[in-house]
Each structure stands twice: as C-alpha cells, then as structure tokens.
Amino acid sequence: MTSLHADRVVRRLGDKVVVDGVTLTLGHGETVGLLGPNGSGKSTLLRLLAGVLAPTVGVVTLDGRPLADLGRRATARRIATVEQHADTRTELTVHDVVALGRIPHRRAWAPASAADTEAVAEALARTGLTERAGQSWHTLSGGERQRTQIARALAQEPRELLLDEPTNHLDIQHQLDLLALVASLRVTSIIALHDLNLAAMYCDRLLVLREGRAVAEGTPAEVLTPTLIEQVYGVRAEVGHDPGYPVIRFLRPAVRDEDPPKRSVTSDASTAS
C-alpha cells in the first residue's frame, strides 16, 4: 500500500535542474535509503517529499492526495523531517526542543496534554537523552544535537519520517543504534546516507541519484554492485555478501607516478633528533 509518492518530480533553481524527473513510491512501513554523491539532489528530493518545497513539475502525494491540498498542519501531523543542520539562538533545553515536535498536535496556546508529555518522555528515552532533558541545547555536542532533533521528530509521532544524513557527527555505536531504531519503527522512513554499508544493513530498498536523476532503484543486493559504485561515485569496490545484505570494501586508488612520496614518521623523527 502506497504512503508517499513522487510522480516525475522536477525542481529547478534558476537555470539549474536540481531534481530531474524522479519517481519514487514509498510503501507503508518501508525503510528506503537515498544515495548519491554530494550535489546529486538528495536533500532537495527530501524537501519535496516533506512539502517544504513545491515541485516545478510533477506532484507529490500522501495517500493519493497532493501535499499542496493537505495544508502544512495536516502534513506536519503525518511527516516529520530531520535536517542535516539545525540551530537556534533561543535559549532552549533539550526537553524544549523535543517538545516542539508536539506543535502540530496542539491548539495555539494550549498547555501540554498528558499525551504530549508521554510522547516527549518516550522520545527522550528512545534516543538516550532522558538524563540530558534539562541541559541547554547550546552546550550539546554535534552528535547530541543530532540525537535531539531525531527525538523531536519521534515526539511528533509521524507515520512518515524523512532523515537527511542523520548519522553525521555520531560515533559508530550511535550510528548503529540510531539506524536500528529507525528500522524498528512502525513508520515509513526515507534516509539520505553517504555510508553505503550502513544503507545496505538497514534499508529495505535503495534509490540512487546522480546529477538529480534516479539511476538505480531496488534492494541493496540489486543496487550496490561494483559497476554502479564506480559509475556513480568514481571509486572501485568489491562487494561481498553477509547473510542478508551486501558488504562493500573500497579499493585503494593506485599511487600516480607524479605523486611525491610520503615522508614516513620514522624518517621525520630521526631527522629531528
């Protein structure tokens, strides 16, 4: 059953086509990885799916209805987004930031309900931030800020969750924990990622963009081939298969003859002495 659907969407920025005729159908409960090098249109496509940007051509629908017809509040009750970078000059605690996820569910100036309080507490717990609820947002590390934004999205209780590079600034343990959490949620998720191995481990399906166009779509095993990786990313790789998903090993580029030899630490140390 279809949840979000982008039908041949195009987004132009001046004379430049940033997203070029992309079609994507998201099924209920599916986790889709959005791959591609920098500048391939991943962030713009996510904003189109969230209704933050309108397509220049084409349409994005939610349960068959154009997002433009639903309105921002109704869309926000269904779709939560986590951007790459978030900041505020306002003095807010972690709890305050997470509680912002409840705004689409509350009337203006209405106090927090029991449901709001429970949703915020659960989101803090699921992202490991309960003990930091009273801490100032401005004192957090980059990784902690990212986890706070994900908690805000979870507090929104969305049915569709769009994440733009959510593992940025996170250490390996928190990357794995976060993606395991997203994959376990009973929501439709689309995640823009650079790490191909993480995408293979946690995504049901992948869509690969290059220069705004979709160049491959399918399961990780179907999409992540040495040929595609070299064509899209310009690097050579070997692809093995763990039970259930492919494993990518990148090959070190050959050193060119004109490259100067690297100085070793040993020779530097002996010179200094």
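1. The buried residues of helix α6 pack against five elements, namely β6 (79-82), α4 (94-99), α5 (114-126), β7 (160-164) and α7 (172-184). This packing is read from a predicted model, and the same caution applies to every point below. The helix is mostly covered, since twelve of its 14 residues are buried; among them are G143, E144, Q146 and R147 towards its beginning, and A153, L154 and A155 towards its end.

2. The length of α6 can be checked with simple arithmetic: at 1.5 Å a residue, its 14 residues should span 20 Å, and because the C-alpha atoms at its two ends are indeed 20 Å apart, the expectation and the model agree. Following the helix comes E157, a residue whose phi is positive, near 50°.

3. A student who wants to look at one residue inside this helix could choose T148, which belongs to α6 (residues 142-155). Is T148 buried or exposed? T148 has a relative accessible area of 0%, and because buried means under 20%, T148 counts as buried. Leaving aside residues up to four places away in sequence, T148 touches V94, V97, V98, L129, W137 and L140.

4. Turning to charged side chains, a search of the whole structure finds 13 salt bridges. In general terms, side chains of opposite charge can pair when their charged atoms come close. One of these pairs is R205 with E30, whose closest N and O atoms are 2.7 Å apart. This pair links distant parts of the chain, for R205 lies in strand β9 (residues 205-210), whereas E30 lies in the loop between β2 (16-27) and β3 (31-35), and the two are 175 residues apart. Both R205 and E30 are buried.

5. A second pair is formed by E238 and R249, whose side chains meet in a salt bridge with an N to O distance of 2.5 Å. Here E238 sits in strand β11 (residues 237-242) and R249 in strand β12 (residues 245-250), so that the pair, although eleven residues apart, is again described as linking distant parts of the chain. E238 counts as partly exposed at 39% relative accessibility, and R249 is also partly exposed, with a relative accessible area of 49%. Elsewhere, salt bridges that share partners join R102, R106, D116 and E157 into one network, and E157 is the residue that follows α6.

6. The salt bridge between D7 and R8, at 3.0 Å from N to O, deserves a separate point. D7 counts as partly exposed at 23% relative accessibility, while R8 counts as exposed at 56%, because exposed means over 50%. R8 belongs to strand β1 (residues 2-13), and R8 has a positive phi of about 50° although it is not a glycine.

7. Which other residue, not a glycine, has a positive phi, near 55°? That residue is E211, found in the loop between β9 and β10. With a relative accessibility of 67%, E211 counts as exposed. A reader checking the backbone by eye may wish to look at R8 and E211 together.

8. The strand that comes after this loop, β10 (residues 213-218), contains A216. At 15% relative accessibility, A216 counts as buried. When residues up to four places away in sequence are left out, A216 touches L206, L207, V208, V223 and L228. A216 and L35 are 181 residues apart in sequence, yet their C-alpha atoms are 9.6 Å apart in space.

9. Finally, some values describe the protein as a whole. Its secondary structure comes to eleven helices and twelve strands, and its C-alpha trace spans about 70 × 50 × 45 Å along the principal axes. Of its 273 residues, 42% count as buried. Among contacts between residues at least 6 apart in sequence, 64% join residues at least 24 apart. The protein exposes about 14900 Å², of which carbon and sulfur atoms supply 51%. As for charge, there are 31 positive and 33 negative side chains, and the centres of these two sets lie 5 Å apart.

How values were computed: Residues are numbered from 1 along each chain as its sequence is written. This is a predicted model: local features need pLDDT of at least 70, side-chain atom pairs count only at pLDDT 80 or more; totals for chains, interfaces and linings use all residues. Side-chain values use heavy atoms; hydrogens and water are left out. A salt bridge is a side-chain nitrogen of Lys or Arg within 4 Å of a carboxyl oxygen of Asp or Glu. Buried means under 20% relative accessible area, exposed over 50%, partly exposed in between (1.4 Å probe, protein chains only). Helices (H or I, at least four residues) and strands (E, at least two) are DSSP runs, numbered from the N terminus. Contact means heavy atoms within 4.5 Å. The expected span of a helix is 1.5 Å times one less than its number of residues. Accessible areas come from the Shrake-Rupley method with a 1.4 Å probe; for residues, only the protein chains shown count as cover. Lys and Arg count as positive and Asp and Glu as negative; His and the chain ends are not counted. The place of a charge is taken as NZ of Lys, CZ of Arg, CG of Asp or CD of Glu.
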